[in-house]
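Visitor: Could you take me on a close look at one part of this model? I would like to hear about the salt bridges and the surface around them.

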Amino acid sequence: MTGQLPQFAVALCAGAGVWLVAGGPPRRGSRLLPTGVGPMEPVGASVPLRRLMPRRLDGVEARLVVACAAIGLLLSLYGRSPLPLLAVPLLTPLALRWWRGRRARHAAERRRDAVIAFCTALAGEVRAGRPPGEAVAVVGQAGLGVPGGGVVAAARYGGDVSAALRAASAQPGADGLRGVAACWAVAVDGGASLAAGLERVAGALRAEREHHEELRAQLAGPRATVGLLAALPLFGLALGAAMGVAPLQVLLNTPTGLGCLAAGALLECAGLAWIRAIVRSAERAAS
């Protein structure tokens with residue numbers, strides 16, 4: 001297998017380059033890396049792998065999969081060992097999980113900002129003299145996604161707006177809509193001022209956002225240090241390669257190197273998990 005690895009790596013990397021330049025997979029109908037129940041699922045696929053790898057990937061995720069495969073092939077070619085290539089199916093789901101978590105966090109932040117804008121705009125429309133239902137229809141569902149359309153439809157056609165707001169608050173980052181639902185229920189049932197309640201909810205959400213931003217700024221230094229420490233082994237490998245020592249070949253092709261690689265990987269993972277737990281505990285204590 002090692003003798004055929006250079007030709008296979010060159011062919012696959014060339015194909016991946018053409019595929020990336022061409023714009024990636026088609027947007028309709030392509031099923032990449034199917035892992036659900038069906039005839040195309042690999043026999044004996046584990047449950048964690050099926051959870052991490054979706055039936056369909058978008059363009060960015062597909063490029064991430066190809067990038068992981070290309071890196072594994074290049075490392076196998078340079079290290080003259082099939083081990084990096086064999087590790088690609090194990091590490092690619094972790095890379096996808098990291099990317100989806102990062103994207104979900106950004107989406108939650110954008111939705112949190114959209115909830116604040118929704119509260120502010122709705123309070124302004126109500127203070128301008130519009131009825132609450134008409135004000136919701138005017139403000140619309142911008143930034144709230146599909147559940148926001150349910151809120152607009154409930155307000156426009158006489159549905160239960162409070163229940164629609166509670167349903168929309170189930171989205172990550174949209175939990176502030178529960179306060180809007182409470183203000184709506186009180187205003188409709190008890191005749192309280194809806195605009196004043198919405199302004200108080202918007203103010204509380206802004207204060208919470210500022211608190212999170214301040215906490216993120218305080219933790220930016222430790223996180224940068226964690227990233228630097230995690231990248232130090234890669235700098236060591238690059239330095240050894242520049243000196244002509246060929247450390248990757250030693251790590252992948254000798255018993256001592258394999259032992260050092262396994263021990264280093266375990267210590268790296270343990271250190272990252274430990275620091276991540278410390279950061280999370282600091283976030284929970286601050287919140």
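Guide: Happy to; here is a walk through the salt bridges, followed by the surface patches and the chain as a whole.

A word on the ground rules: this is a predicted model, where local features need pLDDT of at least 70 and side-chain atom pairs count only at pLDDT 80 or more, while totals for chains, interfaces and linings use all residues. Residues are numbered from 1 along each chain as its sequence is written, and side-chain values use heavy atoms, with hydrogens and water left out.

Let us start with Glu61, Arg100 and Arg103, which are linked in a network of salt bridges. A salt bridge here is a side-chain nitrogen of Lys or Arg within 4 Å of a carboxyl oxygen of Asp or Glu. Between Glu61 and Arg100, the closest N and O atoms are 3.1 Å apart. This pair joins distant parts of the chain, with Glu61 in helix H3 (residues 59-79) and Arg100 in helix H4, 39 residues apart. Helices (H or I, at least four residues) and strands (E, at least two) are DSSP runs, numbered from the N terminus. For Glu61 and Arg103, the closest N and O atoms are 2.6 Å apart. That pair also links distant parts of the chain, H3 and H4, at 42 residues apart.

How covered are these side chains? Glu61 counts as buried at 4% relative accessibility, Arg100 as partly exposed at 21%, and Arg103 as partly exposed at 33%. Buried means under 20% relative accessible area, exposed over 50%, and partly exposed in between (1.4 Å probe, protein chains only). The structure holds 7 salt bridges; one of them pairs Arg130 with Glu134, with the closest N and O atoms 3.0 Å apart.

Now to the surface. Arg97, Arg102, Arg105, Arg276, Arg280 and Arg284 form a positive patch, to which helix H4 (83-127) and helix H11 (255-286) each give two or more residues. Patch residues have over 30% relative accessible area and no salt bridge; like charges are joined within 9 Å, and nonpolar side chains (Val, Leu, Ile, Met, Phe, Trp, Tyr) within 5 Å. Arg276, in helix H11, is exposed at 53%.

H4 and H11 also supply at least two residues each to a nonpolar patch, made of Leu83, Leu86, Leu258 and Leu261. Leu86, found in H4, is exposed with a relative accessible area of 52%.

Stepping back, the protein chain has 11 helices and 0 strands, and 30% of its 287 residues count as buried.

Conventions: Areas by Shrake-Rupley, 256 points an atom, 1.4 Å probe, with all protein chains shown as cover. Lys, Arg positive; Asp, Glu negative; His and termini not counted. Charge placed at Lys NZ, Arg CZ, Asp CG, Glu CD.
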